[in-house]
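Trainee: I would like to practise reading labels against their definitions today. Could we go through this one together?

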Amino acid sequence: VVTCANGRVATADARFVVHRCLDSVVVAVEAGTASLTTGVEPPLSITAGQSRSYGPDGPGPLLSQGVAVENAWRHGRLVFQGQPLDAVIADINRYHPARIVLWDRPLAGLRFDGSVDISRPDAALNAILRTLPLRTLRPVPGLVIIRSA
């Protein structure tokens with residue numbers, strides 16, 4: 001049983017990933033079957049090869065994709081498919097030695113597509129800077145500020 005952000009995933013035989021995002025959680029089942037409970041509704045079944053997100057508004061639709069994307073971190077990669085920049089930065093912050101922050105709030109909604117190597121967090125940050133109109137400031141050690149270019 002895994003509990004995360006007002007949700008509960010239970011299983012006897014599944015291999016699955018729980019990915020806590022900024023405003024939602026994604027459950028991706030690689031093998032077996034898991035049961036997701038997010039509130040008063042009956043538990044929802046998620047089987048091998050399926051994923052489902054949930055958040056404050058309840059569960060999202062059952063998807064027959066996304067398992068490979070959610071499992072990529074096990075192989076040293078983060079994969080982003082049209083993710084908002086604030087969510088991308090939140091994931092990269094898990095691996096980067098400095099704290100990365102967005103200076104301009106409107107930047108949060110920019111979308112990023114790409115695959116980055118988590119063992120090279122600066123290279124991951126540079127991949128974002130190459131594809132979006134952004135620049136960084138490093139006013140003190142341990143802090144990276146992302147601003148509009």
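Mentor: Gladly! Let us begin with a cut-off: a residue is buried when its relative accessible area is under 20%, exposed when it is over 50%, and partly exposed in between. Please keep in mind that this is a predicted model.

Trainee: Which residues of α2 are called buried?

Mentor: L85, D86, A87, V88, I89, D91, I92 and N93 are the buried residues of α2, which means that each has a relative accessible area under 20%.

Trainee: Why is α2 described as largely enclosed by the rest of the structure?

Mentor: The helix α2 has nine residues and eight of them are buried, so the description as largely enclosed follows.

Trainee: What covers the buried residues of α3?

Mentor: The cover includes α2, β10, β11, β12 and β13. The buried residues in question are P121, A124, L125, A127, I128 and L129.

Trainee: Now the loop between β1 and β2. Why does A5 count as partly exposed?

Mentor: A5 has a relative accessibility of 32%. That value falls between the 20% and 50% cut-offs, so "partly exposed" is the right label. N6, found in that loop too, has 74%, which is over 50%, so N6 counts as exposed.

Trainee: What makes the phi of A5 worth a remark?

Mentor: Most residues other than glycine have a negative phi. A5 is not a glycine, yet its phi is positive, at about 50°. N6 is not a glycine either, and its phi is about 65°.

Trainee: On to the strands. How do you know that β12 and β13 pair?

Mentor: Two strands pair if at least two bridges are found between them. β12 (residues 134–137) and β13 have four, in the antiparallel sense, so they pass the test. Among the partners, L134 stands opposite S148, and R135 has R147 as its bridge partner. The two strands form a hairpin with five residues between them, and in its turn G142 has a positive phi of about 90°.

Trainee: In which sense do β10 and β13 pair?

Mentor: In the parallel sense, over four bridges. I100 stands opposite V144 in β13.

Trainee: What makes β3 and β8 edge strands?

Mentor: Each of them pairs on one side only. They belong to an open sheet of four strands in the order β3-β4-β7-β8, with antiparallel pairing. Inside that order, β4 (residues 25–31) and β7 pair over four bridges, and V27 has R52 in β7 as its bridge partner.

Trainee: Which residues have the most contacts inside the largest nonpolar core?

Mentor: They are F80, L85, I92, I100, I128, L134 and I146, in a core of 21 residues. To belong to a nonpolar core, a residue must be buried and joined to others through side-chain atoms within 4.5 Å. At least two residues of this core come from each of β9, α2, β11, α3 and β13, and α3 gives the most, with five. Apart from this core lies another one of 11 residues, including V9, V29, L36 and I46.

Trainee: What does L85 touch, leaving out residues up to four places away in sequence?

Mentor: L85 touches L102, L107, A108, L110, I128, L132 and L134. Touching here means heavy atoms within 4.5 Å.

Trainee: Last topic: the largest pocket. How much space lies in it?

Mentor: About 750 Å³. As for the name, an open set of points is called a pocket, while a cavity is one that the probe cannot get out of. Of the 33 residues lining this pocket, H19, C21, V26, E70 and Q83 are the closest to its centre.

Trainee: Which element gives the largest share of the lining?

Mentor: That is β9, with seven residues. Other elements that give two or more are β3, β7, α1 and α2.

Trainee: How many of the lining residues are nonpolar, polar and charged?

Mentor: The lining has 17 nonpolar, eight polar and eight charged residues. Since Cys counts as nonpolar and Glu as charged, C21 and E70 near the centre go into those two classes.

Definitions and conventions. Residues numbered from 1 in each chain as written. Predicted model: local features only at pLDDT ≥ 70, side-chain atom pairs only at ≥ 80, totals over all residues. Heavy atoms only, no water. 1 Å grid on protein atoms, 1.4 Å probe; cavity = no way out; pocket = protein on both sides within 12 Å on 5 of 7 lines; lining within 4 Å. Points joined across faces, edges and corners; volume = space filled by probe spheres on them. Buried < 20%, exposed > 50% of the residue type's maximum accessible area, 1.4 Å probe, protein only.
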